[in-house]
Structures are given as C-alpha cells and as structure tokens.
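I set out to record, entry by entry, what I looked up in this structure. The notes go from the overall fold to single residues.

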Amino acid sequence: MPSPRRSVEGRPLGVSASSSSSSSPGSPAHGGGGGGSRFEFQSLLSSRATGVDPTCARLRASESPVHRRGSFPLAAAGPSQAPPPPLPEEDRMDLNPSFLGIALRSLLAIDLWLSKKLGVCAGENSSWGSVRPLMKLLEISGHGIPWLLGTLYCLCRSDSWAGREVLMNLLFALLLDLLLVALIKGLVRRRRPAHNQMDMFVTLSVDKYSFPSGHATRAALMSRFILNHLVLAIPLRVLVVLWAFVLGLSRVMLGRHNVTDVVFGFFLGYMQYSIVDYCWLSPHNAPVLFLLWSQR
C-alpha cells in the first residue's frame, strides 16, 4: 500500500479538524499557536526566496523610526545637526560687560549731559547768548597764536640774559603744548559737541576735534609758568588763577568742548610745565641756541 502524501510540515494532507483539535496544547497546531507557526513558516519561505535572514529583518523592523514611540521618521532620517559655534570673545564681552566698561559708559553719558547743560552761550539764541561776545574775546586770550607772537616780540626786544632765558623756555613750552595737543587730537579724534558753532578764531585741521582742550592746556601751562617765574602781588596771582579757570569754563559755555576735554586739558597743561622745568634751557646746557639768538 503506498504511503500517503505528506505536507511540507510532515503531516498527512488529509488530517481532519478533530485530530488537530485533539492534539496537545504544546504542539505547533494548538489553538492560537497555529497562526504564529504558519506566519513563521511563510516568513522562512520568503526569506529563503529573497536570501534575507528573518531575524535581521525583524530587528531592522523593530529598530525602524516608525515603530518607535513618539519618533519622527523624517527628522531622524536626516543628518544630525551640529551644535552652534561658540560666540567670539568680543561678543561675550558685550553680553557680559565689565565693571570698568559700565563705569566709562556712565561717565561719558554724564559728561555729554553736563556739557549740554553748561553750553549756555553756544548760540545767540541761547539763554546766555548776550554774553557770547565776551566769551569769544576771552577765547582769543587763550589762543596759541597771540602767545607765540607776544613771546617772539619780547624775546627780540629783550637785552638781558635772564630775560632771554625765561622767554626762550616760554617759547619752548608753547611749542611743546601745540605739538602735544595736536598729536593727541589726531589720535583720539573726538568730535566737538553737536551744539558747537565752528566760528572759532584761526583754526587748523586738527581743531575740528575736541579732546583735549588746547585753551585749557595753555591756560594751566601759562598760569603755572607765570606764577613760578614772575614776581607778582597776591591780587595779580589770584587774577592769573581766575583767568585760567574762567577760560576753561568758557570753552564749555561756548559749546566748544565737553567737560572732560577741559579737565584733561588742565591736567595736561600742568604736566607740561613739569616737563619744561625738567628740561629747562639755559646758556649752560644749550649754549649754541643762546649764542645764535644773541647774534641776531
């Protein structure tokens, strides 16, 4: 008798439903396990047909972004975004300003506000506009050209060695003042206040800048020079100091300078006299200079 045809699983094709239901629960054909066995069998057949390992296929399916809870397949599929580059050093300093930077900005704001408040003679329509001609006359008294011309005239008319020595050093002080002020103005290049009127007396190219005040430096330099080398009565000495102070104040009232320009100008003029006193010219250390001048 020929053996019955068997299926691929090794069971006869004509097995009845009753024999399937009477099998043990652990058998592959039991209850709900029959569908899982058939699925695995079909997966095995398809994997053999395509040449893909079913285990790897299931792992790839489980690792797919679609099967992850709360995942976005488009965002995960794309390249990972690089972290933002760190801020440069200067930007970090702007975001975290130092105490010195805050103090300087506050001082600058106070300087601009105070200079605008004190500029009461900046124009004819200002609150003290009627005093403006007097302030402009005081401005000429502190200009460098009248001081240079007056020193040269007195030096030519002087007939004593002591007078020539003092006047020679006064000329040296004035030239040093013009040189230092022009150099600092060219380096700093701070613009004059916005309410200033450019109607100054004999201006040069560097005079469009504000820091420091040349009149303030010259006032401090000349007042200290006069007080140290001229014998004056006490009222005249007070008048010299008052002239220097009022000249510096007039620069702010006319709108020519800010307050800090004048304050630094006073300091610079005071230090300029110290330089002149240290480098004092005399017939002993500069005999050629005095000899050439005496022959004239």
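Entry 1, overall fold. I took helices (H or I, at least four residues) and strands (E, at least two) as DSSP runs, numbered from the N terminus. On that basis I read the order of elements in this predicted model as α-α-α-α-α-α-α-α-α-α-α-α-α from the N terminus on. I noted 13 helices and 0 strands for the chain. I then looked up burial and found that buried residues make up 30% of the 296 residues. For contacts between residues at least 6 apart in sequence, I noted that 68% join residues at least 24 apart.

Entry 2, annotated segments. I consulted the UniProt record, an unreviewed entry, which lists residues 166–188, 225–250 and 270–293 under "transmembrane region". I checked two of these ranges against the model. Residues 166–188 are 100% helix and 0% strand, with the end C-alpha atoms 33 Å apart. Residues 225–250 are 85% helix and 0% strand, and here I noted 21 Å between the end C-alpha atoms.

Entry 3, the loop between α9 and α10. I looked up Pro 212 and placed it in the loop that runs between α9 (161–188) and α10 (214–229). The peptide bond joining Phe 211 and Pro 212 is cis, with omega about -5 degrees. Arg 189 has its place in the loop between α9 and α10 as well. I recorded a positive phi of about 60 degrees for Arg 189, which is not a glycine. Is Arg 189 buried or exposed? Its relative accessibility is 55%, and exposed means over 50%, so I entered Arg 189 as exposed.

Entry 4, the loop between α8 and α9. I located Ser 158 in this loop. Because buried means under 20% relative accessible area, I entered Ser 158, at 14%, as buried. Leaving out residues up to four places away in sequence, I found Ser 158 in contact with Gly 163, Arg 164 and Leu 167.

Entry 5, nonpolar cores. I examined the largest nonpolar core, which has 23 residues; Leu 170, Met 222, Phe 225, Trp 243 and Val 276 touch the most other members. I noted that α8 (144–157), α9, α10, α11 (234–253) and α12 (259–278) each supply at least two residues of this core. The element that gives the most to the core is α9, with 7 residues. Apart from this core I found another, of 5 residues, including Val 120, Cys 121, Met 253 and Leu 254. I also looked up the surroundings of Trp 243. Not counting residues up to four places away in sequence, Trp 243 touches Leu 138, Ser 141, Gly 142, Trp 147, Ala 219 and Met 222.

Entry 6, the largest pocket. I recorded about 380 Å³ of space in the largest pocket. Which residues lie nearest the centre of the largest pocket? Of the 22 that line it, I noted His 143, Leu 178, Leu 204, Asp 207 and Arg 218. By class, I entered 10 nonpolar, 6 polar and 6 charged residues for the lining. I found that α8, α9 and α10 each supply at least two lining residues. With 4 residues, α9 gives the most to the lining of the largest pocket.

Entry 7, cross-check. I compared my notes on α9, which gives the most to the largest nonpolar core and also gives the most to the lining of the largest pocket.

Technical notes:
Residues numbered from 1 in each chain as written. Predicted model: local features only at pLDDT ≥ 70, side-chain atom pairs only at ≥ 80, totals over all residues. Heavy atoms only, no water. UniProt positions renumbered as here; feature names shortened; annotations may be inferred. Buried < 20%, exposed > 50% of the residue type's maximum accessible area, 1.4 Å probe, protein only. Core = buried A, V, L, I, M, F, W, Y, C linked by side-chain atoms within 4.5 Å. Contact = heavy atoms within 4.5 Å. 1 Å grid on protein atoms, 1.4 Å probe; cavity = no way out; pocket = protein on both sides within 12 Å on 5 of 7 lines; lining within 4 Å. Points joined across faces, edges and corners; volume = space filled by probe spheres on them. Nonpolar A, V, L, I, M, F, W, Y, C, P; charged D, E, K, R; others polar.
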